[in-house]
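Student: Let me see the model first. Then I will ask what justifies each label you use.

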Amino acid sequence: MADSPLRDGDAVLTTHGFIFYVFGYEHPADRYHGFLKYVPRDESESFEIEWLDLGWRMEGRDIVRPLELYSPDSYTKMVEGFREHFPEYLLYSLQLDRWMITVPMERIRRVFRPSERLKEILKKGASDQLEEEALSLIKMLADTSGVSLDLFGVHGSISLGTSREESDIDLSVYGASNFRLVKRGLLEAEEAGLLSLKRGDRAEGKRLNGGVYNGRDFVVNATRLASEIDVRSRTYRPMGPVEAECLCLSDDEAMFRPAVYGVQDCTSPVGAVDVSGVSEVVSMIGSYRDLVSKGERIRVRGFLEEAARGDEIWLRVVVGSGRAGEHLDWIED
């Protein structure tokens, strides 16, 4: 059981041997929203999905990972598997009118926090080449950005202790302003020949948060500081599928998951739904983080929702509701 609230990207091991990553910052009172990352091999037949042809071990058990971590089809199949075999991991959302995969707090046996794992490595020293390279990269980024080592964390296989020889380096930076500083530090490090940033596709070339360091792939993502988490309760009312093009008014929270873009002047290219009142575009899909900048036009296909917090009511378009065909992009001049 966690001693303090978990944040997006923290991982948990449950009493059934499942490993989940916590998703986002809004959760029911007795559980966390999460996505399934690893399953004990002997439980994998409970889910009619494809698994990677690789194996890992966690506390003496063989574990496997879904081939697709997030897609409408795989999510639906995971829901069905949980419904039939482990129903306590499901929660029906009356607001969103669908089943959600969650982690009951009473089922959490062990917690993996990226910030704490990095502190352990810094204290004890690296135990293998992957950890050595991760520490080297973090210290270099701390130097180039001016961001304290206390504001970094290690995600993924390093945090879980499931790394392989070919594993990537998955880093977290806590705080929006700190993440922006680290991104500038990445560019400075590239200019100095210390690493290379990936520009293999249009999105990678825009985000510039991943690359290759000493021959190993790495990625850097953002996690909210505790002071950046809005704990006020919200409600949501789904209104239907929608397409829209909007002006991005704010990208201050675009680096987090969910990514939040403040928008205005929205129009619908198909003209079927009035979207003029939409003030927010939210992506639940991590690959759409930090993709659109302030002042750019954003194109989105998602689900229109009415959000409420106290007396405040606004409209938002959500990408990643679990429905097929949802998408987010920016419009180039």
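**Labels against definitions**

Tutor: Start with a strand pair: Ile331 in β19 is the residue facing Arg297. The model is predicted, so local features need pLDDT of at least 70 and side-chain atom pairs need 80 or more, while totals for chains, interfaces and linings use all residues. Numbering runs from 1 along each chain as its sequence is written, and side-chain values use heavy atoms, without hydrogens or water.

Student: How do you know that β17 and β19 count as paired?

Tutor: Strands pair if DSSP finds at least two bridges between them. Five bridges join β17 to β19 (residues 327-331). Five satisfies the rule, so the two strands are paired. They run antiparallel. The elements themselves are DSSP runs numbered from the N terminus: helices are H or I with at least four residues, strands are E with at least two.

Student: Which other strands pair with β17?

Tutor: β14 (residues 235-253) does, antiparallel, over twelve bridges. Glu245 faces Arg299 there. β18 (residues 312-319) also pairs with β17 in the antiparallel sense, over seven bridges. Two residues separate β17 and β18 in a hairpin, and Gly310 in the turn has a positive phi of about 65°. Across that hairpin, Arg309 has Glu312 as its bridge partner.

Student: What makes the contact between Asp290 and Lys183 a salt bridge?

Tutor: The term needs a side-chain nitrogen of Lys or Arg within 4 Å of a carboxyl oxygen of Asp or Glu. Here the N to O distance is 2.6 Å. That lies within the cut-off, so the label holds. The pair links distant parts of the chain, 107 residues apart: Asp290 is in the loop between β16 (278-283) and β17 (297-309), Lys183 in helix α5 (residues 176-191).

Student: Why are Asp290 and Lys183 called buried?

Tutor: Buried means under 20% relative accessible area, exposed over 50%, partly exposed in between (1.4 Å probe, protein chains only). Asp290 is at 9%. Lys183 is at 15%. Both values are under 20%, so both residues are buried.

Student: What about the salt bridge between Glu166 and Arg164?

Tutor: Its N to O distance is 3.0 Å, so it passes the 4 Å test. Arg164 is at 29%, so it is partly exposed.

Student: How do you know that Arg234 and Asp230 form one too?

Tutor: Their closest N and O atoms are 3.5 Å apart. That is within 4 Å, so the pair counts. Asp230 is partly exposed because its relative accessibility is 27%. Shared partners join Asp230, Arg232, Arg234, Arg309 and Glu312 into one network. The structure holds 31 salt bridges.

Student: What makes a space a cavity, and what makes it a pocket?

Tutor: Both are sought on a 1 Å grid over the protein atoms alone. In a cavity, a 1.4 Å probe fits but cannot get out. A pocket is an open set with protein on both sides within 12 Å along at least five of seven lines. Lining residues have an atom within 4 Å of a point.

Student: What lines the largest cavity?

Tutor: Its lining includes Phe35, Leu69, Tyr70, Ser74 and Met78. β3 (31-40) and α1 (72-85) each supply at least two lining residues. The volume is about 50 Å³.

Student: And the second largest pocket: what surrounds its centre?

Tutor: The space is about 180 Å³. Of the 13 lining residues, Arg110, Phe112, Arg117, Glu120 and Ser159 are closest to the centre. β4 (56-58), β8 (108-112), α2 (114-124) and α4 (156-160) each supply at least two of the lining residues.

Student: What makes a group of residues a nonpolar core?

Tutor: Its members are buried Ala, Val, Leu, Ile, Met, Phe, Trp, Tyr and Cys residues, joined through side-chain atoms within 4.5 Å. The largest such core has 32 residues. Among those with the most contacts inside it are Leu137, Phe152 and Val220. Its largest share, eight residues, comes from α3.

Student: Last one. Why is Lys119 called partly exposed?

Tutor: Lys119, in helix α2, is at 49% relative accessibility. That falls between 20% and 50%, so partly exposed is the right label.

Notes: Points joined across faces, edges and corners; volume = space filled by probe spheres on them.
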